[in-house]
Amino acid sequence: MLQPHQPLLDAAVPPQRTPARDQAGPWHSEAVCRRDEAGLFFAPSKEPTAARLSREEAAKRVCARCPVMVECREHALLQPEPYGVWGGLTAAERRVVLARRRRREAELQRAVRVAAAG
Ligand code: SF4
């Protein structure tokens, strides 16, 4: 079965970083980007910044009309996927989301400890 942006993934991700895509679930079959002929979702090597920004915006426009954007985004956050645009987020944007989640989780755990201490 083809996976979302599989052809480019094979080229862009070193083998040791290939995510366990078989654990991702059935949403793959509805991915709009299953055939990423335009090469929007992963950066070619030595891509200039302006070209990267333009490519990422184009990828995000594709994601915006994808019926499995939420599932894809959560998959990319949970793996976590280190490269490419997934669920409308770049790798840098996903790192920000994950950092926020970690902060929120730490605050919640602190609050639980304080409440438990009475
Ligand atoms: S949300 Fe974007 S990256 Fe994810 S499956 Fe859809 S088109 Fe592909």
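# A walk through a four-helix chain and its ligand

Let's start at the ligand. The residues forming the shell around the ligand split into 13 nonpolar, two polar and no charged. That shell holds 15 residues in total, and the closest ones are Ala 31, Cys 33, Cys 63, Cys 66 and Cys 72. Helices H2 and H3 each put at least two residues into the shell. Keep in mind as you look around that this is a predicted model.

Some of those cysteines also turn up in a database record. An unreviewed UniProt entry lists Cys 33, Cys 63, Cys 66 and Cys 72 under "binding site". These four span 40 residues in sequence, yet no two of their C-alpha atoms are more than 10.9 Å apart, so they gather at one spot.

Two of these cysteines are worth a visit. Cys 66 sits in the loop between H2 and H3. Is Cys 66 buried or exposed? The answer falls between the two: it has 19 other C-beta atoms within 10 Å, and a residue needs 20 or more to count as buried, so Cys 66 is partly exposed. Leaving aside residues up to four places away in sequence, Cys 66 touches Ala 31, Val 32 and Cys 72. Cys 72, for its part, belongs to helix H3. With 27 other C-beta atoms within 10 Å, Cys 72 is buried.

Now step back and take in the whole chain. The protein chain has four helices and zero strands, which reads along the sequence as α-α-α-α. Of its 118 residues, 22% count as buried. What about contacts that reach along the chain? Taking contacts between residues at least 6 apart in sequence, 61% join residues at least 24 apart.

Next comes the interior. The largest nonpolar core has 14 residues, and those with the most contacts inside it are Phe 41, Ala 59, Cys 72, Val 85 and Trp 86. Helix H2, running over residues 49-64, and helix H3, over 69-78, each supply at least two residues of this core. Which helix gives the most to this core? That is H3, with three residues. So Cys 72 plays into two parts of our tour: it is among the residues closest to the ligand, and it is among those with the most contacts inside the core. Val 85 gives you a good look at who meets whom here. Beyond residues up to four places away in sequence, Val 85 touches Phe 41, Glu 56, Ala 59, Lys 60, Cys 63 and Thr 90.

Helix H2 has an outward side to show as well. Arg 61 is found in H2, and it counts as exposed because it has 11 C-beta neighbours inside 10 Å, where 12 or fewer is the cut-off. Arg 61 and Gly 88 are 27 residues apart in sequence, while their C-alpha atoms are 7.7 Å apart in space.

The loops have their own oddities. In general, most residues other than glycine have a negative phi, and most peptide bonds are trans. Lys 46 goes against the habit for phi: it is not a glycine, but its phi is positive, at about 55°. You'll find Lys 46 in the loop between helix H1 (6-12) and H2. With 6 other C-beta atoms within 10 Å, Lys 46 is exposed. The peptide bond from Gln 79 to Pro 80 is cis, with omega near -15°. Pro 80 lies in the loop between H3 and H4.

Leu 89 is found in the loop between H3 and H4 too. Being in a loop doesn't leave Leu 89 out in the open: with 23 C-beta neighbours inside 10 Å, it counts as buried. Apart from residues up to four places away in sequence, Leu 89 touches Arg 73, Ala 76, Arg 94 and Val 97. The C-alpha atoms of Leu 89 and Leu 77 are separated by 9.7 Å, and the two residues are 12 apart along the chain.

Our last stop is helix H4, covering residues 91-117. At 1.5 Å a residue, its 27 residues should span 39 Å, and its end C-alpha atoms are indeed 39 Å apart, which agrees. Why does H4 lie largely in the open? Of its 27 residues, the number buried is one. After H4 comes Gly 118, with a positive phi near 75°.

Definitions and conventions
Residues are numbered from 1 along each chain as its sequence is written. This is a predicted model: local features need pLDDT of at least 70, side-chain atom pairs count only at pLDDT 80 or more; totals for chains, interfaces and linings use all residues. A nonpolar core is a set of buried Ala, Val, Leu, Ile, Met, Phe, Trp, Tyr and Cys residues joined through C-beta atoms within 7 Å. Two residues are in contact if their C-beta atoms, placed from the backbone, lie within 7 Å. The expected span of a helix is 1.5 Å times one less than its number of residues. A residue is near a molecule or strand if its C-beta atom, placed from the backbone, lies within 6 Å of it. Ala, Val, Leu, Ile, Met, Phe, Trp, Tyr, Cys and Pro count as nonpolar, Asp, Glu, Lys and Arg as charged, and the others, Gly among them, as polar. UniProt positions are given in the numbering used here, feature names are shortened, and annotations may be inferred rather than shown by experiment.
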